[in-house]
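Let's take a friendly walk through this protein together. Have the sequence and the model open side by side, and we will go from the overall picture to a single residue.

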Amino acid sequence: MRTAIYIYKVYAWHCRPALVLLLAVLTFSTARAQIGEHRNEFAVGFSGGYVVSNVGFTPNVQQGLHGGLTGGVTFRYTTEKYFSSICAIVGEVNYAQLGWKEDILDTHDAPVINAVTGLAEQYERTINYVQVPVLARLGWGRERNGAQFFFQIGPQMGFYLNESTKTNFNFADRNTTDRSSSIVAQDTMAVKHKFDYGIVAGIGVEYSVPRVGHFILEGRYYYGLGNIYGNTKSDYFGKSNFGNIVIKLSYLFDITRTKNDKIK
């Protein structure tokens, strides 16, 4: 009897996520049947923007913000309207230029001068990715003619393409004597983990024009949960995850639309 009770407790504990998910699905289905206004709208388009990023190193590396371009294709399926909330799923495939740009300073926070070139030392690493976010979207406002405010959040995956380094000094000649930080291992280390993942969230405004399409301005923030370098006890860095901010413009056009003249 005790064995049976123990097995039941273990089973119930490990199945909690599945039970919670099942409860959420049942609640969603019930709410949909009671209050949801059905939508069946699919839109596609493209986007482009600017991304500023850095890498959260442990031990710390002094950095500014690395700037790069991003752009790609967007797919959006609008499923429901609950009260005033317009619900959709958004998927994207984007090219993005990420990386970090170091602030090489002395103990007085002044730029470190290279003895050979006589210039302030500069270092920048650019890492190119294909990023695939999948976002749950809530919007409030007009759907087909006018403005709509929205919020969206979800997971994002990144697939490494290549990397490049930009500097104005030779590594053999760098001024390590005057630097306030002795952390330089990252300057010559290639990316180890080619797969990146994390959470992205954004807010924005959309303006829709009948028979023309949807014009979208959005700002979003990404927090990486993975590391670009190894983070075991034998590795140099304990943490090396991305953080970035994106400002982007998008244009979408409708492929399918819900047949409902009451939708504004």
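What follows begins with the whole chain and then settles on one asparagine.

Keep in mind that this is a predicted model. Its secondary structure amounts to 2 helices and 8 strands. If you trace the chain from the N terminus, the order of elements reads α-α-β-β-β-β-β-β-β-β. The protein has 264 residues, and 39% of them are buried. On the outside, about 15,000 Å² is exposed, with carbon and sulfur atoms supplying 64% of that area. Now consider contacts between residues at least 6 apart in sequence: 74% of these join residues at least 24 apart.

With that picture in mind, let's turn to Asn 114. You will find Asn 114 in the loop that runs between strand S3 (85-101) and strand S4 (123-141). Is Asn 114 buried or exposed? Its relative accessibility is 2%, and buried means under 20%, so Asn 114 counts as buried.

Which residues does Asn 114 touch, leaving aside those up to four places away in sequence? The list is Leu 119, Glu 121, Phe 169, Asp 173, Arg 174 and Asn 175. Phe 169 is worth a second look: Asn 114 and Phe 169 are 55 residues apart along the chain, yet their C-alpha atoms are separated by 7.3 Å.

Finally, look within the loop at the side chain of Asn 114, which reaches the backbone nitrogen of Val 116 at 2.9 Å. To see this for yourself, display the side chain of Asn 114 together with the backbone of Val 116.

Note on methods. Residues are numbered from 1 along each chain as its sequence is written. This is a predicted model: local features need pLDDT of at least 70, side-chain atom pairs count only at pLDDT 80 or more; totals for chains, interfaces and linings use all residues. Side-chain values use heavy atoms; hydrogens and water are left out. Helices (H or I, at least four residues) and strands (E, at least two) are DSSP runs, numbered from the N terminus. Buried means under 20% relative accessible area, exposed over 50%, partly exposed in between (1.4 Å probe, protein chains only). Contact means heavy atoms within 4.5 Å. A polar contact is a pair of N or O atoms within 3.5 Å; within protein, one must be able to donate a hydrogen and the other to accept it, and residues adjacent in sequence count only if both atoms are side-chain atoms. Accessible areas come from the Shrake-Rupley method with a 1.4 Å probe; for residues, only the protein chains shown count as cover.
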